[in-house]
Amino acid sequence: MESMPTAANASSTETRPDPDISIEAHPDADAVLTPAAAAFVADLQRKFASRRAAILAARVERQARFDAGERPGFLTETEDVRGCGWQVPEAPKPLQDRRVEITGPVEAKMMINALNSGAKVFMADLEDATSPTWANVVRGQVNLMDAVRRTLEVTTPDRVYRLRPEAELATLMVRPRGWHLDEKHFRVDGSAVSASLFDFGLYLFHNGRESLSRGFGPYLYLPKLESHLEARLWNDVMSYSEDALGLDIGSIRATVLIETITAAFEMDEILYELRPHICGLNAGRWDYIFSIAKRFHADPDFVLPDRSLVTMTTEFMRGYTELLVKTCHRRGAHAIGGMSAFIPNRRKPQVSEAALVKVTDDKRREAGDGFDGTWVAHPDLVATAQAEFDAVLGERPNQLDRQRPEVAVGPGRLLDVRRPPDGITMAGLRTNLDVGVRYLASWLSGTGAAAIHDLMEDAATAEISRAQVWQWVHHCVTLAGPEAEQVTAQLVRSLLDETVREIEADSGYPAEVLAQARQVFEEVSLSEDFPPFLTIPAYQLLP
């Protein structure tokens with residue numbers, strides 16, 4: 001393969017199209033999938049595809065051991081990493097104060113509103129909040145380029161949406177898709193490219209040097225890591241890319257979402273492996289709950305109750321978040337809190353009032369526990385979250401000095417999933433079916449973050465819905481209440497019929513989209529084996 005163009009001369013370097021790269025056509029593709037950019041992504045794929053395959057195979061092997069009764073613990077082979085007093089590098093100036101971070105998809109108007117929201121950070125999400133249609137993926141990269149260059153603008157019949165002055169904008173971070181996903185529209189040597197390498201590679205190629213020249217940098221959120229070896233792979237990808245594009249090592253800075261139960265046992269190791277690129281860890285609560293149900297789906301002791309009962313004060317969730325703060329601050333890394341699903345509704349004042357109360361309680365707990373910042377999903381929640389962190393932080397950018405020596409969390413606490421005796425109800429089952437089908441209909445229609453019943457739902461919350469249904473059916477759960485009905489596949493299918501009719505009557509989704517959504521939900525919640533991610537079969541239905 002010809003030598004790689006650097007970021008400094010990429011725009012002027014003529015790179016011949018590689019005949020072994022196949023790219024599906026799209027009107028915006030020429031703007032981002034230039035021959036040089038495509039060659040860079042292909043180089044990453046050729047360099048790291050075998051290691052990616054190895055970590056995905058390791059996930060399957062570990063699942064087989066969990067199915068046989070093994071449970072995770074703190075690793076004996078990395079005890080020296082946990083015992084030593086190393087520190088991560090200091091965060092760059094734009095990421096030292098992260099008290100409120102807003103998240104959202106890479107849709108232009110939503111990006112403008114998020115960057116203008118007053119939050120310290122905006123995480124542009126190519127993963128759970130974006131439906132990965134080819135149009136969304138390609139246009140999302142165009143929007144990211146425009147956001148970095150401060151030229152992002154949207155004109156509607158009502159108004160023009162523009163970015164505020166530089167000093168008032170949130171710092172941009174980007175979340176690529178996880179290691180388990182492919183990008184089927186971009187093929188290298190006959191195979192679909194890793195979606196992680198595609199998202200990361202294009203963003204870095206076009207924006208790495210540009211963002212550094214503007215006083216920030218290529219800042220990332222890394223999703224769904226399951227071990228420190230997966231973090232090591234990311235670190236090697238970033239170092240290789242920095243070298244290939246002529247960037248200083250450590251120019252890329254990343255925050256890892258601790259959103260799997262196995263990663264919770266390897267937080268020290270994940271921070272260690274990602275030096276010199278790491279900034280902090282985030283408590284990705286919704287995927288974390290899903291991970292518990294997924295990893296231990298065969299064990300009746302891990303059957304989760306109604307989603308509304310799995311709160312951040314539940315023992316296993318409380319232990320995980322306290323351990324995250326302690327681990328991060330011991331290493332000089334930021335601890336970022338998770339996202340409450342409650343969102344305001346400007347047309348329903350009573351809904352907004354209730355949402356603000358719940359978000360206030362959630363953020364007050366996080367700030368009091370020592371978190372350095374938190375996530376929100378709506379611009380109207382920024383001020384509420386900031387008030388709680390301002391009350392604790394004052395003028396300080398963070399609370400890294402709060403070490404939490406009193407926290408002692410062992411495997412027993414992280415795995416303490418105790419279900420209330422009456423914790424699974426018909427209402428909970430109906431909610432899971434309704435949310436699951438509605439969200440999938442939205443996702444299949446090209447929208448990856450959806451307000452459903454005044455809660456913000458994304459792929460992670462949909463995963464919880466279908467995982468709980470799978471657990472309840474396969475473990476023959478009896479619903480609480482006078483009827484004491486057992487959850488069976490027949491009952492679920494009957495309720496799905498009702499659910500689809502109700503959604504069709506009030507949502508406006510075409511019948512064929514609802515049929516596809518129902519098909520996917522039924523497949524991932526009633527199959528004999530537990531499918532690892534609902535987005536994998538659903539992706540095959542996307543254009």
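The following legends describe close-up views of a predicted model.

Local features are given only where pLDDT is at least 70 and side-chain atom pairs only at pLDDT 80 or more, while totals for chains, interfaces and linings use all residues. Residues are numbered from 1 along each chain as its sequence is written, and side-chain values use heavy atoms, with hydrogens and water left out.

**View 1. Strand β10 (residues 253-258) and its parallel neighbours.** Helices (H or I, at least four residues) and strands (E, at least two) are DSSP runs numbered from the N terminus. Two strands are taken to pair if DSSP finds at least two bridges between them. β10 pairs with β9 in the parallel sense over four bridges, and leucine 222 stands opposite valine 256 in β10. The chain passes from β9 through α7 to β10 in a right-handed β-α-β crossover (with the strands pointing away from the viewer, the path from the first strand over the helix to the second runs clockwise). β10 also pairs with strand β11 (residues 278-283), in the parallel sense over five bridges; here valine 256 stands opposite leucine 281. Six of the six residues of β10 are buried (buried is under 20% relative accessible area, exposed over 50% and partly exposed in between, with a 1.4 Å probe and protein chains only). In a regular strand, side chains alternate between the two faces of the sheet. Arg253, Thr255 and Leu257 point one way from β10, whereas Ala254, Val256 and Ile258 point the other way.

**View 2. Helix α10 (residues 285-295) and the salt bridge of lysine 294 with glutamate 226.** A salt bridge is a side-chain nitrogen of Lys or Arg within 4 Å of a carboxyl oxygen of Asp or Glu. The closest N and O atoms of glutamate 226 and lysine 294 are 3.8 Å apart. Glutamate 226 lies in the loop between β9 (219-222) and α7 (228-244) and lysine 294 in α10, so the pair ties together parts that are 68 residues apart in sequence. Both glutamate 226 and lysine 294 are buried. Eleven of the eleven residues of α10 are buried, among them Arg285, Trp286, Phe290 and Arg295.

**View 3. The salt bridge between helices α11 and α12.** The side chains of aspartate 369 and arginine 318 meet at 2.4 Å, N to O. Aspartate 369 belongs to helix α12 (residues 349-369) and arginine 318 to helix α11 (residues 315-330), so this contact joins parts that are 51 residues apart in sequence. Aspartate 369 is buried at 8% relative accessibility, whereas arginine 318 is partly exposed at 21%. Salt bridges that share partners join these two residues into one network with Arg285, Glu315, Glu322, Asp362, Lys363, Arg365, Glu366, Arg404, Glu406 and Arg413.

**View 4. The buried salt bridge of glutamate 101 and arginine 98.** The closest N and O atoms of the pair are 2.6 Å apart. Glutamate 101 has a relative accessibility of 0%, and arginine 98 has a relative accessible area of 1%. A search of the whole structure finds 52 salt bridges.

**View 5. The aromatic pair of tryptophan 179 and tryptophan 234.** Rings of Phe, Tyr and Trp (its six-membered ring) pair if their centres lie within 6.5 Å; planes under 30 degrees apart count as stacked, over 60 as edge-to-face and the rest as tilted. The structure holds 15 aromatic pairs. The rings of tryptophan 179 and tryptophan 234 are tilted, at 4.6 Å centre to centre with 35 degrees between the planes. Tryptophan 179 lies in the loop between β6 (171-175) and β7 (182-188) and tryptophan 234 in helix α7, 55 residues apart. Both tryptophan 179 and tryptophan 234 are buried. Elsewhere, Phe290, Trp470, Phe530 and Phe533 form one aromatic cluster.

**View 6. Arginine charges over tryptophan rings.** A charge sits over a ring if NZ of Lys or CZ of Arg is within 6 Å of the ring centre and within 35 degrees of the ring normal. The charged end of arginine 307 sits over the ring of tryptophan 286, 5.5 Å from its centre. Arginine 331 lies over the face of tryptophan 86, at 4.0 Å from the ring centre.

**View 7. The surroundings of cysteine 279.** The structure has zero disulfides (pairs of cysteine sulfur atoms within 2.5 Å). The closest cysteine sulfur to that of cysteine 279 is in cysteine 328, at 11 Å, which is too far for a bond. Cysteine 279 is buried, at 2% relative accessibility, whereas cysteine 476 is partly exposed, at 44%.
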